[in-house]
Amino acid sequence: MPVRVLLVDDEPLVRAGLRAVLEAQPDMEVVGEAADGAAVIPLVRQTRPDVVAMDVRMPLLDGIEATRALLRTVADPPKILVVTTFENDEYVYEALRAGADGFLLKRARPAEIVHAVRLIAEGESLLFPASVRQLAAEYGDGGGNRAAPAALERARLTEREGEVLRLMARGLSNAEIAARLVVGTETVKSHVSAVLAKLGARDRTQAVITAYESGFVAPG
C-alpha cells in the first residue's frame with residue numbers, strides 16, 4: 001500500500017513541488033491539498049492520509065494550532081510532518097511539542113523529502129535528531145512543558161527502558177538499538193511501546209522532548 005500524503009501549505013508552488021516529488025515515487029500518493037490549517041480536519045476525515053505535510057506558518061490557522069486541533073479531534077490521527085522555511089525556529093519546536101512527528105525544511109532536496117515522509121510514516125526512528133536536540137537546547141527551558149519532570153517521575157522507567165529512551169534521543173532506529181543492546185528487534189519494539197505508554201507520549205518525538213525537558217537527557 002502506498003503512503004498517503006495530504007499537503008497543507010498556503011503557497012501553491014510549495015504544494016506543487018512537494019506533489020511532484022512525492023508522486024514520482026511508486027510507493028507514495030498525494031491524496032489532497034489545502035491552503036490553510038483550518039481545512040485540515042475535514043480533509044483528513046475525507047482522505048484518510050498516513051502523513052500530513054503541513055506548513056508551520058499559515059494566515060488563518062497555523063501548523064501548531066492545526067496540529068493540536070487534529071490530534072484532539074480525530075481518532076487515530078495521521079503522522080504530522082511540519083514543513084518550514086527556517087530550521088532553528090521556535091514555531092517548529094512548538095509544533096513538535098504540540099504533537100508533530102518531525103519537521104522538514106522547504107529547501108530540502110527531493111531525496112530528503114522522500115526520506116522524511118517514509119521515516120515519519122514508519123515511525124521507527126527520530127527525524128533529524130541533532131536538530132531536535134538543538135531546538136530543545138534553545139527553546140526547551142522556557143517552561144512550556146512544565147509537566148515533563150512529573151511525567152518522567154510517574155513513568156518509573158526501568159533501567160533498560162531508560163537506556164532505550166536515551167538511544168531514541170540519539171536518533172537510533174529500532175534495529176540500531178537492538179544491535180547496540182544485543183537484543184532482538186521485537187524486544188526493542190516492546191521497550192519502545194512501554195516507554196511511550198508510561199510517558200503518555202504519542203510517538204518517539206514527544207517521548208524524546210519529554211526526556212529533554214525533564215532533564216533525563218541533556219539536549220546540549
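**Group meeting: loops, helix packing and salt bridges**

Let me start with Phe128, which sits in the loop between helix H5 (110-122) and helix H6 (129-139); please keep in mind throughout that what we are looking at is a predicted model. Phe128 has a positive phi of about 50 degrees although it is not a glycine, and its relative accessible area of 32% makes it partly exposed. Most residues other than glycine have a negative phi, which is the reason for pointing such places out. A second one is Arg48, again with a positive phi, near 50 degrees, placed in the loop that runs between helix H2 (40-47) and strand E3 (51-55), and partly exposed at 39% relative accessibility.

From that loop we can step back into H2, which packs with helix H3 (residues 63-73) at an angle of about 45 degrees, the axes lying 9 Å apart. The two helices are therefore oblique to each other, and their crossing is right-handed. On the H2 side the contact is made by Val40, Ile41, Val44 and Arg45, and on the H3 side by Ala66, Ala69, Leu70 and Thr73; by class, these residues divide into six nonpolar, one polar and one charged.

H3 is also one of the elements against which the buried residues of helix H4 pack, the others being strand E4 (79-84), strand E5 (102-105), H6 and helix H11 (204-214). H4, residues 90-98, is mostly covered, with seven of its nine residues buried, and among these are Glu94 and Arg97. After H4 comes Gly99, with a positive phi near 130 degrees.

Now to the salt bridges, of which a search of the whole structure finds 18. In one of them the side chains of Arg15 and Glu33 meet at 2.8 Å, N to O, and since Arg15 lies in helix H1 (residues 12-23) and Glu33 in strand E2 (residues 28-34), the pair ties together parts that are 18 residues apart in sequence. Arg15 is buried at 13% relative accessible area, whereas Glu33, at 30%, is partly exposed.

Asp55 pairs with Lys106, the closest N and O atoms being 3.4 Å apart; Asp55 is in strand E3 and Lys106 in the loop between E5 and H5, so here the linked parts are 51 residues apart in sequence. Asp55 is buried, with a relative accessible area of 3%, while Lys106 is partly exposed at 24%.

Finally, what about a pair within one helix? Glu65 and Arg68 form a salt bridge with a closest N to O distance of 2.5 Å, and both lie in H3, three residues apart, about one turn of the helix.

Definitions and conventions:
Residues numbered from 1 in each chain as written. Predicted model: local features only at pLDDT ≥ 70, side-chain atom pairs only at ≥ 80, totals over all residues. Heavy atoms only, no water. Helix = DSSP H or I, 4+ residues; strand = E, 2+ residues; numbered from the N terminus. Buried < 20%, exposed > 50% of the residue type's maximum accessible area, 1.4 Å probe, protein only. Axes fitted to C-alpha atoms, helices over the stretch in contact; angles between N-to-C directions. Parallel < 35°, antiparallel > 145°, perpendicular 65-115°, else oblique. Left-handed = near helix turned anticlockwise from the far one by under 90°. Contact = heavy atoms within 4.5 Å. Nonpolar A, V, L, I, M, F, W, Y, C, P; charged D, E, K, R; others polar. Salt bridge = Lys/Arg side-chain N within 4 Å of Asp/Glu carboxyl O.
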